[in-house]
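Colleague: Got a minute to walk me through this one? I'd like to go straight to the side chains.

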Amino acid sequence: MWKIFDGKEVANGVVFIKSKKDFNTVIDITKRIGRECKKKYLNVNYWFLDASEETTIERDVMKQFLYEMEDKNIKLVVVRSLKEISNDYIEREAFLEVMVKCGVAVYLFDEGCFATVNCD
């Protein structure tokens with residue numbers, strides 16, 4: 001769902017954080033990312049924390065994340081790095097391909113750009 005934000009159309013988005021840090025630190029990180037996204041007209045209404053030890057795309061937390069994305073009609077995912085999605089290059093590419101097919105943009109916060117297929 002597209003919304004109007006400061007005169008611009010932006011997608012309904014989520015910040016995906018993979019972290020084992022304490023909860024208050026994670027909140028601080030997501031608030032900082034949210035403020036920076038707002039400056040770039042990226043509308044993030046949700047945050048999703050993955051505190052699991054697993055790093056594959058098949059982890060239960062990732063399945064829950066994908067379910068919630070569909071349920072909330074998420075069209076933008078903000079990650080600090082694609083390595084938060086998976087440590088495996090092929091799995092990251094597969095994730096990006098699925099996101100592209102579903103019309104979901106993936107913004108790489110640390111790099112300040114949108115991810116594309118065949119992007120590491």
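Colleague: Glu53 and Lys20, are they buried or exposed?

Modeller: Both Glu53 and Lys20 are exposed. Keep in mind that this is a predicted model.

Colleague: What do Glu53 and Lys20 form?

Modeller: A salt bridge, with the closest N and O atoms 2.8 Å apart. The pair links distant parts of the chain, 33 residues apart. Glu53 sits in the loop between β4 and α2, and Lys20 in the loop between β3 and α1 (23-39).

Colleague: How many salt bridges does the structure hold?

Modeller: Five. Another one joins Lys39 to Glu36, at 3.2 Å between the closest N and O atoms. Both residues lie in helix α1, three residues apart, about one turn of the helix.

Colleague: Why does Glu36 count as partly exposed?

Modeller: Its relative accessibility is 27%, so Glu36 falls between the 20% limit for buried and the 50% limit for exposed. Lys39 is at 59%, so it counts as exposed.

Colleague: And which side chain meets Arg80 in a salt bridge?

Modeller: Glu84, at 2.5 Å from N to O. Arg80 is buried, with a relative accessible area of 16%. Glu84 is buried too, at 8%. Elsewhere, Lys18, Asp50 and Arg59 are joined into one network by salt bridges that share partners.

Colleague: Changing topic. What pattern does the chain follow along the sequence?

Modeller: β-β-β-α-β-α-β-α-β-β. That gives three helices and seven strands. Of the 120 residues, 42% count as buried.

Colleague: Of the contacts between residues at least 6 apart in sequence, what share joins residues at least 24 apart?

Modeller: 71% of them.

Colleague: Now the inside. How many residues are in the largest nonpolar core?

Modeller: 19 residues. Those with the most contacts inside it are Phe16, Phe65, Val77, Val79, Leu82, Ile85 and Val106. The elements giving two or more residues are β3 (13-18), α2 (60-71), β5 (76-79), α3 (89-101) and β6 (105-108).

Colleague: What is Ile85 in contact with, leaving aside neighbours within four places in sequence?

Modeller: Phe16, Thr55, Thr56, Ile57, Arg59, Met62, Val79 and Phe95. Another core lies apart from the largest one. That second core has 12 residues, including Val44, Leu76, Tyr107 and Phe109.

Colleague: On to the rings. How many aromatic pairs are there?

Modeller: Four. Take Phe48 and Phe65: the ring centres are 5.0 Å apart and the planes are at 55 degrees.

Colleague: Why is that pair of Phe48 and Phe65 tilted?

Modeller: Edge-to-face needs over 60 degrees and stacked needs under 30, so 55 degrees makes the pair tilted. Phe48 is in strand β4 (residues 44-50) and Phe65 in helix α2, 17 residues apart. Both are buried. Along with Phe16, they form one aromatic cluster.

Colleague: Which ring does Tyr107 pair with?

Modeller: Phe114, edge-to-face. The distance is 5.0 Å centre to centre, with 70 degrees between the planes. Tyr107 is buried at 4% relative accessible area, whereas Phe114 is partly exposed at 42%.

Colleague: And what lies over the face of Tyr46?

Modeller: Lys72, at 5.5 Å from the ring centre.

Colleague: Last one. How much area does the chain expose?

Modeller: About 7100 Å², and carbon and sulfur atoms supply 52% of it.

Definitions and conventions
Residues are numbered from 1 along each chain as its sequence is written. This is a predicted model: local features need pLDDT of at least 70, side-chain atom pairs count only at pLDDT 80 or more; totals for chains, interfaces and linings use all residues. Side-chain values use heavy atoms; hydrogens and water are left out. A nonpolar core is a set of buried Ala, Val, Leu, Ile, Met, Phe, Trp, Tyr and Cys residues joined through side-chain atoms within 4.5 Å. Buried means under 20% relative accessible area, exposed over 50%, partly exposed in between (1.4 Å probe, protein chains only). Helices (H or I, at least four residues) and strands (E, at least two) are DSSP runs, numbered from the N terminus. Contact means heavy atoms within 4.5 Å. Rings of Phe, Tyr and Trp (its six-membered ring) pair if their centres lie within 6.5 Å; planes under 30 degrees apart count as stacked, over 60 as edge-to-face and the rest as tilted. A charge sits over a ring if NZ of Lys or CZ of Arg is within 6 Å of the ring centre and within 35 degrees of the ring normal. Accessible areas come from the Shrake-Rupley method with a 1.4 Å probe; for residues, only the protein chains shown count as cover. A salt bridge is a side-chain nitrogen of Lys or Arg within 4 Å of a carboxyl oxygen of Asp or Glu.
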